[in-house]
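Let's take a friendly walk through this structure, with the coordinates open beside the text.

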Amino acid sequence: MNHPARPVAVLVGPPGAGKTTIGRKLARRLDVPFRDADQMIEEAEGRSIPEIFADAGEPAFRAIEERVVAEALETFSGVLSLGGGAVLSATTRARLRGHRVIHLTIGVAEGVRRSRGAGRPLLAGGDVTARYQALLTERAPLYREVAWSTVSTERRSSGKVVTEIVDRLESGDPHARSTADRS
Ligand SMILES: Nc1ncnc2c1ncn2[C@@H]1O[C@H](COP(=O)(O)OP(=O)(O)O)[C@@H](O)[C@H]1O
Ligand SMILES: O=C(O)C1=C[C@@H](OP(=O)(O)O)[C@@H](O)[C@H](O)C1
Ligand SMILES: [Mg+2]
């Protein structure tokens, strides 16, 4: 029987949780392709995420994001990492139902630290910690709504996080604890 293409896993979570980094390593470990929705958006638009925010504004970015994520969910067989705000769309949340959605979590201080640098227009300038906290408060229920499994990345190497995700995907148990962590 022919099964339609669908991602092996979809990574969601706030900026700096490690979606891009861990997604790439997870794909390598599973020997499947990796795509990052932000990168797909940049390729489709021919400009960077900060440029899209500056030129077209956040609502236009979200519309492009919704379209790109929908297409990836239907056509891509591999590990797919989303941008931190993709779950703001109720349409995207509905499309994520039934997928192996991995919610990566991180605390505020470490999330802010990891999100520093260029490329995240929503967090550029001002009181970044307050903005990051507000973003988490708004989005935490949305990440929880779509999550099949939730994995902490706080004070854990990306290798350990990847092992835990692989154990959960392979066992089909969203709460399985990685043997690497049992000591
Ligand atoms: N488990 C981890 N421990 C320490 N640093 C990490 C971890 N995962 C990711 N990072 C670092 O955090 C930063 C942001 O990671 P990234 O994958 O871009 O996050 P996201 O895509 O969720 O915004 C990068 O510099 C990355 O190297
Ligand atoms: O949280 C957000 O709204 C955003 C997160 C970014 O992706 P990362 O979560 O990979 O940083 C990127 O999609 C864009 O800057 C908006
Ligand atoms: Mg990313």
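Before we start, one cut-off will help: a residue is called buried if 20 or more other C-beta atoms lie within 10 Å of its own, exposed if 12 or fewer, and partly exposed in between. Please also keep in mind that this is a predicted model.

Asp31 is a good place to try the cut-off. It has 7 C-beta neighbours inside 10 Å, so Asp31 counts as exposed. Asp31 sits in the loop between H1 and strand S2, which covers 34-36. Its backbone deserves a look too: phi of Asp31 is positive, about 60°, although the residue is not a glycine.

Arg155 can be read in a similar way. Here phi is near 50°, again a positive value in a residue other than glycine. Arg155 belongs to the loop between S5 and H8, and with 9 C-beta neighbours inside 10 Å it counts as exposed. Arg156 lies in the loop between strand S5 (149-152) and H8 as well. Is Arg156 exposed or partly exposed? Its 16 C-beta neighbours inside 10 Å make Arg156 partly exposed, because that count falls in between the two limits.

Now let's turn to the ligands. Ligand 1 is surrounded by 16 residues, and the closest are Gly18, Lys19, Thr20, Thr21 and Arg114. Which helices each supply at least two residues of this shell? They are helix H1 (19-30) and helix H8 (158-171). H1 gives the most, with 4 residues. Sorted by class, the shell around ligand 1 holds 9 polar, 4 nonpolar and 3 charged residues. Thr21, one of the closest residues to ligand 1, has its place in helix H1. With 19 other C-beta atoms within 10 Å, Thr21 is partly exposed.

Around ligand 2 you will find Pro15, Lys19, Thr20, Asp38, Ile49, Gly83, Gly84, Gly85, Arg120, Pro121 and Leu122. These divide into 4 nonpolar, 4 polar and 3 charged residues. Lys19 and Thr20 are listed here around ligand 2, and they are also among the closest residues to ligand 1.

It is useful to set these shells beside the record. An unreviewed UniProt entry places the feature "binding site" at Gly16, Ala17, Gly18, Lys19, Thr20, Thr21, Arg120 and Arg156. These positions span 141 residues in sequence, and their farthest two C-alpha atoms are 23.2 Å apart, so they do not all gather at one spot. Among the annotated positions, Gly18, Lys19, Thr20 and Thr21 also appear in the list of residues closest to ligand 1, while Arg120 is listed around ligand 2.

Next comes a piece of helix packing. Two packed helices are described by the angle between their axes and the distance between the axes. For helix H2 (residues 37-45) and helix H4 (residues 58-75), the angle is about 110° and the axes are 10 Å apart. H2 and H4 are therefore roughly perpendicular to each other, and their crossing is right-handed.

Our last stop is Ala109, which is placed in helix H6 (residues 108-115). With 11 C-beta neighbours inside 10 Å, Ala109 counts as exposed. How far apart are Ala109 and Tyr132 in sequence and in space? They are 23 residues apart in sequence, and 9.1 Å apart from C-alpha to C-alpha.

Technical notes: Residues are numbered from 1 along each chain as its sequence is written. Chains are lettered from A and ligands numbered from 1 in the order in which they are written. This is a predicted model: local features need pLDDT of at least 70, side-chain atom pairs count only at pLDDT 80 or more; totals for chains, interfaces and linings use all residues. A residue is near a molecule or strand if its C-beta atom, placed from the backbone, lies within 6 Å of it. Ala, Val, Leu, Ile, Met, Phe, Trp, Tyr, Cys and Pro count as nonpolar, Asp, Glu, Lys and Arg as charged, and the others, Gly among them, as polar. UniProt positions are given in the numbering used here, feature names are shortened, and annotations may be inferred rather than shown by experiment. Axes are lines fitted to C-alpha atoms, for helices over the stretch in contact, and angles run from 0 to 180 degrees between N-to-C directions. Angles under 35 degrees count as roughly parallel, over 145 as roughly antiparallel, 65 to 115 as roughly perpendicular and the rest as oblique. A crossing is left-handed if the near helix is turned anticlockwise from the far one by less than a right angle, and right-handed if clockwise.
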